[in-house]
Amino acid sequence: MKLFIATLGTETNTFAPFVTSAQTFEETYLTRGGGHGDQPNTFAVPLAIWRGRAEALGWEVTESLCAFAMPSGVTLRALYRQYKEEILADLRAALPVDAVLLCIHGAMVVEGYDRPMAETDGIDCADAEGDLFEAVRRVIGPDVPFGAELDLHCHLTEKKVRNTDALILYKEYPHTDFPDRADDLFDLIADTVAGKVRPVQSLHDCGCVGVFHTTRQPMRSFVDHMIALEGKEDVLSVSLGHSFPWADVPELGVRSLVVTDNRKDKGDAIAADLCRRINEIYDEAQPPYLTLDEGFDQALILAAGPGQGPVVLADVADNAGGGAPNDSTFVLRRVLERGIGDIAFANFWDPIAVQLAISAGEGATFDLRLGGKMGPMSGDPIDLRVRVKKIVRDARQTFGAPPRTSKGRMGDAVSLQLENGVEIGVNSLRTQSTNPDALTQIGIDAANKRFIVVKSMQHFHAGYAPIAKAILYVAAPGTMIPYFKQLPYRVADRSLRGIDG
Ligand SMILES: [Zn+2]
């Protein structure tokens with residue numbers, strides 16, 4: 001048996017003020033031919049799992065590109081074409097293959113997405129992975145089992161479904177379950193290769209957009225319900241595509257996907273029922289956003305009350321994990337205006353500030369202009385007198401929940417101290433913080449701070465919840481403002497629940 005595997009992923013925020021380039025992939029994760037080492041980077045974990053599982057069965061594995069880019073603006077078209085052609089060339093060279101598994105994000109949007117395909121060299125720019133899947137299917141033909149693992153923030157398009165045998169999405173947000181879903185997909189495709197099952201997919205459009213944290217009710221029960229459906233009565237896999245609302249694409253929207261063992265009617269019925277349930281719990285499922293001042297008013301009360309650990313405030317609109325710059329200054333400015341102390345920030349992306357801090361050295365005090373560089377949604381830069389507390393070169397932070405954790409790159413990281421116990425983590429690669437070790441490694445005692453501001457929508461939750469006294473979601477201004485009615489959609493369907501009205 002021969003298995004072909006590859007990764008090509010990013011989540012495109014079509015409203016972000018910078019493009020996804022070769023450098024974005026190189027800085028996040030890019031390797032070829034499986035050179036991931038003993039402890040694979042977060043973005044290489046599914047491929048490492050599939051290789052291990054396949055080799056344990058005595059299969060031969062051909063691994064092509066493994067490329068993942070920190071979410072940003074549109075992906076350059078020439079770059080997408082280059083990566084696509086590279087994967088296809090590797091696939092042709094590997095033929096004949098018995099199965100194909102791809103790890104993708106599923107929300108890559110390519111430059112030209114708002115123009116007809118006749119003007120984009122025939123590339124479906126609004127659905128890059130659908131475009132890739134169609135090309136892969138053409139190469140392998142209709143009979144070779146072909147599956148993919150997707151982020152639940154994918155655009156679950158008809159083209160992606162039509163060209164594959166089985167798609168499996170993460171179920172959890174934060175995405176702590178992506179290694180488990182990689183295992184699920186391997187099992188399903190291995191059973192397909194062995195002729196034990198014949199996967200058929202059922203897709204249903206829920207007609208809404210939103211943000212659905214699975215750490216709270218009612219989504220916790222919804223995910224548990226999906227899991228309970230699996231493995232019974234020919235149901236092989238159940239997924240919910242949350243979609244990615246900061247993308248102006250034609251097939252934007254929440255969709256359910258059910259894979260059955262050749263039971264299309266049953267899959268269709270379950271998929272429709274999942275959409276009915278999502279619409280039923282929709283309002284309650286949306287995150288409880290607070291304004292900036294409401295957030296700090298509540299945080300001060302909570303901090304004075306019983307319990308241990310910091311009150312964590314998520315600055316959701318400046319989340320690098322969704323294409324925001326991670327350099328907005330709205331929250332820091334308000335903290336300084338209100339005189340709030342004993343607070344840590346995780347973490348600003350400001351490579352110039354990092355460079356200046358490294359140049360000055362640990363213990364040095366100097367005047368620094370921080371943040372606010374990437375556009376109007378970053379706010380104005382703030383002029384500060386800072387002391388460099390600690391410098392760490394090539395810093396890494398943990399992602400996921402034990403035991404299946406992995407490490408992601410942060411670039412060079414520094415901690416900057418202000419008066420009043422304000423400490424700021426700054427790093428040279430744009431990334432959200434997924435774990436307090438982003439702070440502790442640069443000498444900030446995260447667990448004993450009164451407050452932590454984390455520039456993240458939800459991925460911080462797995463790492464920060466264990467040390468937090470309370471978690472608040474604050475909707476300050478920013479690139480990822482979570483009020484979808486305010487986003488300037490031109491292509492997406494404005495009648496979808498969540499952006500209508
Ligand atoms: Zn996601």
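**Exercise 1. Pro 116**

Task: In this predicted model, decide whether Pro 116 is buried or exposed, and state where Pro 116 lies.

Solution.
- Step 1. Count the neighbours: Pro 116 has 8 C-beta neighbours inside 10 Å.
- Step 2. Apply the cut-off: a residue is exposed if 12 or fewer other C-beta atoms lie within 10 Å of its own. Pro 116 therefore counts as exposed.
- Step 3. Find the place in the chain: Pro 116 sits in the loop between β4 (99–104) and α4.
- Step 4. Add a distance: from Pro 116 to Gly 147 there are 31 residues in sequence, and their C-alpha atoms are 28 Å apart in space.

**Exercise 2. Two positive phi values**

Task: Determine what the phi angles of Asp 121 and Asp 394 are, and which elements hold these residues.

Solution.
- Step 1. Asp 121 has phi near 55 degrees, which is a positive value in a residue other than glycine.
- Step 2. Asp 121 belongs to the loop between β4 and α4. It counts as exposed because it has 11 C-beta neighbours inside 10 Å.
- Step 3. For Asp 394, phi is near 50 degrees, a positive value in a residue other than glycine.
- Step 4. Asp 394 is part of strand β14. It has 11 C-beta neighbours inside 10 Å, so it counts as exposed.

**Exercise 3. Glu 60**

Task: Describe the surroundings of Glu 60 in terms of its strand, its exposure and its contacts.

Solution.
- Step 1. Glu 60 lies in strand β3, which covers residues 60–68.
- Step 2. Within 10 Å of Glu 60 there are 13 other C-beta atoms. The exposed class ends at 12 and the buried class begins at 20, so Glu 60 is partly exposed.
- Step 3. Leaving out residues up to four places away in sequence, Glu 60 touches Met 1 and Lys 2.
- Step 4. Val 258 is 198 residues from Glu 60 in sequence and 30 Å from it in space, C-alpha to C-alpha.

**Exercise 4. Helices α3 and α4**

Task: Work out how helix α3 and helix α4 are oriented to each other and which residues meet.

Solution.
- Step 1. Helix α3 spans residues 77–94 and helix α4 spans residues 128–140. Their axes come within 10 Å and cross at roughly 25 degrees.
- Step 2. Angles under 35 degrees count as roughly parallel, so α3 is roughly parallel to α4.
- Step 3. The crossing of α3 past α4 is right-handed.
- Step 4. On the α3 side the contact involves Tyr 80, Lys 84, Leu 88, Leu 91 and Arg 92. These meet Ala 128, Leu 132, Ala 135, Val 136 and Val 139 of α4.
- Step 5. Sorted by class, the contact of α3 with α4 has eight nonpolar, no polar and two charged residues.

**Exercise 5. Helices α2 and α6**

Task: Classify the angle between α2 and α6 and sort the residues of their contact by class.

Solution.
- Step 1. Helix α2 (residues 45–56) packs on α6 at an angle of about 40 degrees, and the axes are 9 Å apart.
- Step 2. This angle falls outside the range under 35 degrees and outside 65 to 115. The two helices are therefore oblique to each other.
- Step 3. α2 passes α6 in a right-handed crossing.
- Step 4. Val 45, Pro 46, Ile 49, Trp 50 and Arg 53 of α2 meet Phe 178, Pro 179, Ala 182, Asp 183 and Phe 186 of α6.
- Step 5. The contact of α2 with α6 has eight nonpolar, no polar and two charged residues.

**Exercise 6. Cis peptide bonds**

Task: State what omega is for the bond from Leu 95 to Pro 96 and for the bond between Tyr 173 and Pro 174.

Solution.
- Step 1. From Leu 95 to Pro 96 the peptide bond is cis, with omega near 0 degrees. Pro 96 is in the loop between α3 and β4.
- Step 2. Tyr 173 and Pro 174 are also joined by a cis peptide bond, with omega about 15 degrees. Pro 174 is in the loop between β6 (166–169) and α6 (178–193).

**Exercise 7. The whole chain**

Task: Summarise the chain by its secondary structure, radius of gyration and buried residues.

Solution.
- Step 1. The chain has 13 helices and 18 strands.
- Step 2. Its radius of gyration is 22 Å, close to the 23 Å given by the globule rule for 501 residues, so the chain is as compact as a globular protein of that length.
- Step 3. Of the 501 residues, 54% are buried.

Key:
Residues are numbered from 1 along each chain as its sequence is written. This is a predicted model: local features need pLDDT of at least 70, side-chain atom pairs count only at pLDDT 80 or more; totals for chains, interfaces and linings use all residues. Helices (H or I, at least four residues) and strands (E, at least two) are DSSP runs, numbered from the N terminus. Two residues are in contact if their C-beta atoms, placed from the backbone, lie within 7 Å. The radius of gyration is taken over C-alpha atoms; the globule rule is 2.2 Å times the number of residues to the power 0.38. Axes are lines fitted to C-alpha atoms, for helices over the stretch in contact, and angles run from 0 to 180 degrees between N-to-C directions. Angles under 35 degrees count as roughly parallel, over 145 as roughly antiparallel, 65 to 115 as roughly perpendicular and the rest as oblique. A crossing is left-handed if the near helix is turned anticlockwise from the far one by less than a right angle, and right-handed if clockwise. Ala, Val, Leu, Ile, Met, Phe, Trp, Tyr, Cys and Pro count as nonpolar, Asp, Glu, Lys and Arg as charged, and the others, Gly among them, as polar.
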